[in-house]
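User: Hi! Could you walk me through some local details of this model, one question at a time?

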Amino acid sequence: MVVCFVVFTQKRKNKLSSWVNIGYLAAALKSLERVQVLVKAYDFNEVDKACSEMKKLRPNVIGLSILQENMNVCIKFANKLKSQTMDLKIIAGNVEPSAKPKMFLNYYPSIDIVIAGEGEETIKELIYLMSSNQPISGCAGIFYRKEGKVIATHPRALIDDLDTIPFPDRSFGDSLSTLYSIVGSRGCNGRCTFCDANTIYKYHKKVYVRERSISNLVDEMQYLIEHYNCQYIVFVDSTFCNSLDHPEYRLEELYDELQSRGIWVLFYLNARVEQIKGEFLRQLMRLQEVGLNGVQIGLESGNAEDLKLYGKYATIEDNYTAIRLLKKYEIPYDCGFINFNPYSTIEKLEDNIAFLRETEHFVTPHFMMTRLSIYSSSPITKKVQADNLYTKNENVPITERYLYNFCSSDIDIIYRSAQKCYSGLHVRDYQWLNNIFVQYKKYGYNDEKYQYYIDKMIFLKHFNKVYSDISIGIFEKIINLVKEGVKDLNLISNILKPDIEIANQKLSNYIKELDILQSELSIILFRKNKLILYR
């Protein structure tokens, strides 16, 4: 039997999560006799190419890992392939099929089977039964059709010990990549209303957070370094440290394990805002000695009402404290932020602006345009639908993230005006240059111009400040115009056109200098074979 996993991803975007998910499934099937596993990746515009290659490969089973971002293209591929040949089975898994499996199968007839939940044990048993011509009705954790009806088998128990799962098969990935993702835990004990992190576990008998041991994690890190020339690792857990009482213990253990093995590699992890304090912060500082390159935190908002709407544990005070401490101790960070949601008001947007200004957060036009995404499985979607803000049929899967109206017409005008005005601005995000500097500090210390380039960091800080002020300033002026009664998009754009032109003039000199800096540092690191291209 030939099983082919087909991955649809936008090549210009990070595809780490797609590869690691498929890697786990491919590794699970390796132990099955008479089963050949293939993995093929395609861009969103390569459906015809994918169908053509499948006709040549003639797999018995095709597996699709479906998220909202690739759902339309996956279904288009499945429909076209099934119209050309019915002599195969298409299995769908991951978040979207797991969210509402019965609806999914009823609405998409080209999909034959849905794996609801964790896939490793289910895919292995399912493929074994199919390859042995045995009924699949005894396979736990699946939904399938029989005589026109959707049948659900018993939910499969969660894998208690994640250390028992084989490392993902990465042989199908990009052989030139030096950046890899690692899954350190499954599940999340957060309560964020916009999140679908626990969706694939909803049909299990019991949902709980499980963490891999630190020694097992570092085993995988070491394996990637030794066999795949890995130079950067992203931990893609919702939260790296899930303990509510002593989250710092896991960081301390990670530091000790890396230090004892003599491992230094750039890595990045997710942390909760309310964790950024005391001993947790001290452990983050220690981890920089063994390669910690930054943390991702979910600020989400600068006003208390939206934090409550999003179900955050963290308070506004927690947000202020986290940024102040991360800046004070020079720990690089990125953050999640949702400036717009269906219930936004001018007052909330102004509070967000005040928060960003006071914390001196780096702000781009993209940052100001961040907007709540809704999914089939996220709790806040139910509220949006109940409040009659959802714009499509509630009985079909949600294929787009912004299918809702704003309660306030003023917010809609502000949002669309900002889109129009920002489109005329030179959009450049040089924040990633901090990552290049981290590499240069590590590997360029013997360069004759080392101190010169280190001093250049101040130029990047100046740019960040100017760019942030411009991004926020334009947004503030749009809000003030709307408050004054200007509601025409074109008129707002024309009024702010001189401001955009002045802003572009200010940015042009910075952009020229930073482009030169980027080129020079990249060449130096490339010659040392130490250039890591990542976001």
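The questions and answers below go through a predicted model.

User: Happy to start with the cysteines. How many disulfides does the structure hold?

Analyst: A disulfide is a covalent bond between the sulfur atoms of two cysteines. Take Cys4, which is buried with a relative accessible area of 0%. The closest cysteine sulfur to that of Cys4 is in Cys51, 12 Å away, and that is too far for a bond. For the structure, the number of disulfides is zero.

User: Thanks! Cys51 makes me curious about its surroundings. Which residues, beyond its neighbours within four places in sequence, is Leu81 in contact with?

Analyst: Leu81 belongs to helix H3, residues 68-84, and is buried because its relative accessibility is 0%, under the 20% cut-off. Its C-alpha lies 8.8 Å from that of Ser52, although the two are 29 residues apart in sequence. With neighbours within four places left aside, the contacts of Leu81 are Cys51, Met54, Ile62 and Leu88.

User: Now to Asp112. Is Asp112 buried or exposed?

Analyst: Asp112 sits in a loop, the one between helix H5 (101-107) and strand E5 (113-115). Leaving aside neighbours within four places in sequence, Asp112 has contacts with Lys82, Leu88, Lys89, Ile90, Leu105, Phe143, Tyr144 and Arg145. Its relative accessible area is 13%, which is under the 20% cut-off, so Asp112 is buried.

User: And what does its side chain do there? Which side chain is joined to that of Asp112 by a polar contact of 2.7 Å?

Analyst: One polar atom of the Asp112 side chain lies 2.8 Å from a backbone nitrogen, that of Ile90. The 2.7 Å polar contact, by contrast, is between two side chains, and the partner of Asp112 in it is Lys82.

User: Another acidic residue, then. Which residue has its backbone nitrogen 2.8 Å from a polar atom of the Glu46 side chain?

Analyst: Glu46 is found in the loop that runs between strand E2 (36-42) and helix H2 (47-57). Glu46 is buried, with a relative accessible area of 16%. At 2.8 Å from a polar atom of its side chain is the backbone nitrogen of Asp43.

User: Let's look at empty space. What is the volume of the second largest pocket?

Analyst: Rolling a probe the size of a water molecule over the atoms shows where empty space is left. The second largest pocket has a volume of about 260 Å³.

User: How does the lining of the second largest pocket divide into nonpolar, polar and charged residues?

Analyst: The lining has 13 residues, and those closest to the centre are Lys89, Ile113, Met130, Gln134 and Ile136. Taken as a whole, the lining of this pocket divides into three charged, three polar and seven nonpolar.

User: Moving along the chain, which elements do the buried residues of H9 pack against?

Analyst: Helix H9 covers residues 278-287, and its buried residues are Phe280, Leu281, Gln283, Leu284, Arg286 and Leu287. These buried residues pack against helix H8 (248-261), strand E12 (266-271), strand E13 (292-300) and H11.

User: H8 came up there. What is the relative accessible area of Phe240?

Analyst: Phe240 is in the loop between strand E11 (232-235) and H8. Apart from neighbours within four places in sequence, its contacts include Arg250, Leu251, Leu254 and Leu269. Phe240 is buried, with a relative accessible area of 1%.

User: On to backbone angles. What is the phi of Glu330?

Analyst: Most residues other than glycine have a negative phi. Glu330 lies in the loop between helix H11 (316-328) and strand E14 (333-337), and is exposed with a relative accessible area of 63%. Phi of Glu330 is positive, near 55 degrees.

User: Where is Glu360 found?

Analyst: Glu360 also has a positive phi, about 55 degrees, although it is not a glycine. Its relative accessibility is 56%, over the 50% cut-off, so Glu360 counts as exposed. The place of Glu360 is the loop between H12 and helix H13 (365-368).

User: Last one! How far apart are the C-alpha atoms of Ile353 and Glu476?

Analyst: Ile353 is part of helix H12, residues 346-359, and is buried with a relative accessible area of 5%. Leaving aside neighbours within four places in sequence, Ile353 is in contact with Met368, Ile472, Phe475, Glu476 and Ile479. Ile353 and Glu476 are 123 residues apart along the chain, and their C-alpha atoms are separated by 8.0 Å.

How values were computed
Residues numbered from 1 in each chain as written. Predicted model: local features only at pLDDT ≥ 70, side-chain atom pairs only at ≥ 80, totals over all residues. Heavy atoms only, no water. 1 Å grid on protein atoms, 1.4 Å probe; cavity = no way out; pocket = protein on both sides within 12 Å on 5 of 7 lines; lining within 4 Å. Points joined across faces, edges and corners; volume = space filled by probe spheres on them. Nonpolar A, V, L, I, M, F, W, Y, C, P; charged D, E, K, R; others polar. Helix = DSSP H or I, 4+ residues; strand = E, 2+ residues; numbered from the N terminus. Buried < 20%, exposed > 50% of the residue type's maximum accessible area, 1.4 Å probe, protein only. Polar contact = N/O pair within 3.5 Å; in protein donor to acceptor, adjacent residues only side chain to side chain. Contact = heavy atoms within 4.5 Å. Disulfide = S-S within 2.5 Å.
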